[in-house]
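User: Hi, could you walk me through a structure that I have to look at for class? I'd like to start with the whole chain and then go into some details.

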Amino acid sequence: KDYMIWRGGQPLVDASFVAFGLIRCPWLWEHLDAQVKQQVINCLRITRSAIPVYSNWILFSAIIESFFCKYGYEYDPVRIEYGVREFMQHWYIGDGLFSDGMDFHFDYYNSIVIHPFLASIIDIARTKTRSYNGFANRLDTMGKRYAEIQERSIHTDGSYPIFGRSIVYRGGVFHHLSDIALRKRLPVSLHPAQVRGALTAVIRKTLESPSTFNKDGWLNIGLYGKQPALADFYITTGSLYICMDIFLALGLPDTDEFWSAPAQPWTAVKVWRGEDVPADHAMDVR
């Protein structure tokens with residue numbers, strides 16, 4: 001019956017992640033009682049009064065409408081269309097990467113938000129109209145290329161380049177790589193077992209520091225332990241749990257080759273132990 005403030009800019013972001021979680025796990029939604037469902041719907045509708053920043057935030061509005069669409073409620077198709085078209089027709093800059101609005105920012109937001117949100121939004125929109133089929137095919141190609149870039153960004157010890165904002169999301173910056181593995185849409189160049197190995201290395205590296213957690217068991221702000229200076233102004237303790245997105249592949253059954261296949265080295269391991277591997281090449285989408 002009670003809840004935190006649900007109006008304004010930041011609550012739109014928070015609401016979108018709630019909606020995305022309920023999209024990804026229908027069991028959760030289906031097992032809520034009628035009263036709680038209505039309370040959730042009422043709160044999500046309140047966020048329509050928030051005008052998103054002209055950036056990845058337009059996907060926050062779109063994913064909330066996609067939630068309504070998926071579960072058979074009245075939804076605004078324009079917010080979905082707007083989010084998809086701005087990225088797919090105006091903000092794609094090449095090699096699997098989108099700009100975050102009008103300008104490109106060298107950070108991990110293509111993984112944290114853009115690719116996973118777009119993929120889910122388009123999948124849901126396709127259940128209503130075939131006009132999104134072309135977007136789906138192009139995004140699949142783009143997503144595969146970005147998965148290759150993400151996998152090659154993981155060093156032999158599970159560390160990775162420290163650039164851009166929100167770096168304290170730890171393993172959450174590999175949201176896309178885990179998501180595309182869950183969707184079973186990895187490119188042929190990446191065997192599921194090598195992705196498993198790479199993501200496992202990231203999880204171990206980002207959680208191994210003795211100062212990862214505070215005395216009460218909550219994550220400390222940082223990437224490798226407690227490093228509050230790495231945080232942006234909008235970061236709170238709650239924000240840090242976006243790191244959980246790296247665990248998405250746990251949605252695959254244990255019989256899936258992602259889990260059952262023998263361990264395989266990822267690209268950095270192959271290269272730095274002297275193996276001869278294919279060169280990396282940029283990708284053009286026509």
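Analyst: What follows goes through the chain as a whole, then some helices, and then a few single residues. Please keep in mind that this is a predicted model.

User: Okay, how many helices and strands are there?

Analyst: The chain has eleven helices and two strands, and when it is read along the sequence the pattern is α-α-α-α-α-β-β-α-α-α-α-α-α.

User: And how compact is the chain?

Analyst: Its radius of gyration is 19 Å, close to the 19 Å that the globule rule gives for 286 residues, so the chain is as compact as a globular protein of that length. The C-alpha atoms fill a box of roughly 55 × 50 × 40 Å along the principal axes.

User: What share of the residues is buried?

Analyst: Buried residues make up 49% of the 286 in the chain. The accessible surface comes to about 14300 Å², and 57% of that belongs to carbon and sulfur atoms.

User: What about contacts between residues that are at least 24 apart in sequence?

Analyst: If we take the contacts between residues at least 6 apart in sequence, 73% of them join residues at least 24 apart.

User: Switching to helices, how many residues of α9 are buried?

Analyst: Twelve of the 16 residues of α9 are buried, so this helix is largely enclosed by the rest of the structure. Among them are P192, V195, R196, L199 and I203, and what covers the buried residues of α9 includes α7, α8, α10 and α11.

User: What distance does α9 reach from its first C-alpha to its last?

Analyst: Helix α9, which runs over residues 192-207, reaches 23 Å, and this is close to the 22 Å expected at 1.5 Å a residue.

User: How does α1 look by that rule of 1.5 Å a residue?

Analyst: Helix α1 covers residues 9-24, and its 16 residues should span 22 Å, which agrees with the 23 Å between its end C-alpha atoms. The buried residues of α1 include P11, L12, V13, F20 and I23, and among the elements that cover the buried residues of α1 are α2, α3, α4, α6 and α8.

User: You mentioned α6 and α8, so at what angle do they pack?

Analyst: Helix α6 (residues 109-125) and helix α8 (residues 175-182) pack at an angle of about 35°, and their axes are 7 Å apart. On the α6 side the contact is made by S111, I112, H115 and P116, while α8 brings H175, H176 and D179. By class, that contact has two nonpolar, four polar and one charged residues.

User: Now some single residues: where is K144, and what does it touch?

Analyst: K144 sits in helix α7, and if residues up to four places away in sequence are not counted, K144 touches I180, R185, L186 and P187.

User: Why does K144 count as partly exposed?

Analyst: The relative accessibility of K144 is 22%, and because partly exposed covers the range between under 20% for buried and over 50% for exposed, K144 counts as partly exposed.

User: Last one: which residues have a positive phi although they are not glycine?

Analyst: R170 is one of them, with a phi of about 50°, and K184 is another, with a phi of about 60°. R170 lies in the loop between α7 and α8, whereas K184 lies in the loop between α8 and α9.

User: Is R170 buried or exposed?

Analyst: R170 is buried, since its relative accessible area is 1%, and the cut-off for buried is under 20%.

Conventions:
Residues numbered from 1 in each chain as written. Predicted model: local features only at pLDDT ≥ 70, side-chain atom pairs only at ≥ 80, totals over all residues. Heavy atoms only, no water. Axes fitted to C-alpha atoms, helices over the stretch in contact; angles between N-to-C directions. Helix = DSSP H or I, 4+ residues; strand = E, 2+ residues; numbered from the N terminus. Contact = heavy atoms within 4.5 Å. Nonpolar A, V, L, I, M, F, W, Y, C, P; charged D, E, K, R; others polar. Expected span 1.5 Å × (residues − 1). Buried < 20%, exposed > 50% of the residue type's maximum accessible area, 1.4 Å probe, protein only. Rg over C-alpha atoms; globule rule 2.2 N^0.38 Å. Areas by Shrake-Rupley, 256 points an atom, 1.4 Å probe, with all protein chains shown as cover.
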